[in-house]
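Subject: Structure handover

Hello,

Here is the structure you will be taking over. Please open it first and keep it beside this email while you read the notes below.

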Amino acid sequence: MRLPRTAHTEQPWRIHAVAPDFRVEDVWSFRTPGAGPDDFPVMLAAMRADGGFARQPPAVRFLFAVRWKLGALLGWDRSEAGLGGRVGSLRGRLPDDLRDTVGAPEPDGSPFTPLYDLPGESVRELANGTGHSLMHLGWAPAAGGAGGDGEYELRMAVLVKPNGRFGSLYMALIAPFRHLVVYPALTRMWERAWREHGRVSAGGSAPGTTAGG
């Protein structure tokens, strides 16, 4: 479900101090029924068990295949346009307590590089010829209930620093694809991951089993 930008900016996440010059492009929520305040690591584990960030539904894979093809033809994804080339990684901005929260990037096929991981938020970054982007995953009281029922949900925010006018135009052009195809597909996949893996882990046993096996 799409949320207003304030659903991200009003949360006490560390990313605000790390990337104050990035604009919040999109905020999306993913329902995790029965989740509590400490279940963010459970949700991330459920997503990894379901294929991680590299696994995408067919429609999303097609869109990204087209995007990578265009990037190859137009030079958007050359190494000199990425992290350590055109822009530096935000790791250089991190305070000491955040810098050591991730190790070497996992070979999961994702184009994003982990920036930092905390019990309530996880950030990955990507840079190319169109801009410098962050994918922020955070854990917050469920939208609409203000946490009154005790349930929490996953929120994803996309933060960007476009590469000039071209980068801003690019983000505007792909907005319909993000909102109508990519995010709804991620919603189906990640919410299913919670139902099939995360909720079982958070609850302690799978349907039809006992805690003793």
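The largest nonpolar core in this predicted model has 24 residues, and the members that touch the most others are Leu137, Leu154, Met156, Leu186 and Trp190. Five elements each give two or more residues to this core: the strands β1 (23-30), β4 (131-141) and β5 (152-162), and the helices α3 (40-49) and α6 (164-203). Helix α6 gives the most, with eight residues. There is also a second, separate core of 19 residues, with Leu3, Ile15, Val18 and Ala19 among them. As background, nonpolar side chains in soluble globular proteins tend to be buried together.

**Overall layout**

The protein has six helices and five strands. Read from the N terminus, the order of elements is α-α-β-α-α-α-β-β-β-β-α. Of the 213 residues, 43% are buried. If you take the contacts between residues at least 6 apart in sequence, 67% of them join residues at least 24 apart. The exposed area of the protein is about 11000 Å², and 58% of it comes from carbon and sulfur atoms.

**Aromatic pairs**

Searching the whole structure gives five aromatic pairs. One of them is formed by Trp28 and Tyr183, with ring centres 5.1 Å apart and planes at 50 degrees. Why is this pair called tilted? A pair counts as stacked under 30 degrees and as edge-to-face over 60, with the rest tilted, so the 50 degrees between Trp28 and Tyr183 make the pair tilted. Trp28 belongs to strand β1 and Tyr183 to helix α6, so the pair links distant parts of the chain, 155 residues apart. Both Trp28 and Tyr183 are buried.

Phe166 and Tyr170 are another tilted pair, with 6.5 Å from centre to centre and 40 degrees between the planes. Phe166 and Tyr170 are both in helix α6 and lie four residues apart, which means that about one helical turn separates them. Are these two residues buried or exposed? Phe166 has 38% relative accessibility and therefore counts as partly exposed, while Tyr170, at 14%, counts as buried. The cut-off behind this is that buried means under 20% and exposed over 50%.

Phe40, Trp139 and Trp194 together form one aromatic cluster.

**Salt bridges**

The count of salt bridges comes to ten. Three of them are described here.

- Arg178 and Glu25: the closest N and O atoms of this salt bridge are 3.6 Å apart. The pair links distant parts of the chain, since Arg178 is in helix α6 and Glu25 is in strand β1, 153 residues apart. Arg178 has a relative accessible area of 9% and so is buried. Glu25 is buried too, because its relative accessible area is 12%.
- Glu191 and Arg31: these side chains meet in a salt bridge at 3.1 Å, N to O. This pair also links distant parts of the chain, with Glu191 in helix α6 and Arg31 in the loop between β1 and α3, 160 residues apart. Glu191 counts as buried because its relative accessibility is 8%, whereas Arg31 is exposed, with a relative accessible area of 56%.
- Asp96 and Arg99: the closest N and O atoms of this salt bridge are 3.5 Å apart. Asp96 and Arg99 are three residues apart in helix α5 (residues 96-99), so about one helical turn separates them. Asp96 has 59% relative accessibility and therefore counts as exposed. Arg99 has a relative accessible area of 29%, so Arg99 is partly exposed.

Which residues are linked in a network of salt bridges? They are Arg23, Glu25, Asp26 and Arg178.

**Where to look in the structure**

Helix α6 is a convenient place to start. It gives eight residues to the largest nonpolar core. Helix α6 also holds Tyr183, which pairs with Trp28 in strand β1, and Arg178, which is joined to Glu25 in strand β1. Glu191 in helix α6 is linked to Arg31 in the loop between β1 and α3. After that, find the aromatic cluster of Phe40, Trp139 and Trp194.

Regards

Technical notes: Residues numbered from 1 in each chain as written. Predicted model: local features only at pLDDT ≥ 70, side-chain atom pairs only at ≥ 80, totals over all residues. Heavy atoms only, no water. Core = buried A, V, L, I, M, F, W, Y, C linked by side-chain atoms within 4.5 Å. Buried < 20%, exposed > 50% of the residue type's maximum accessible area, 1.4 Å probe, protein only. Phe/Tyr/Trp six-rings, centres within 6.5 Å; stacked < 30°, edge-to-face > 60°. Contact = heavy atoms within 4.5 Å. Areas by Shrake-Rupley, 256 points an atom, 1.4 Å probe, with all protein chains shown as cover. Salt bridge = Lys/Arg side-chain N within 4 Å of Asp/Glu carboxyl O.
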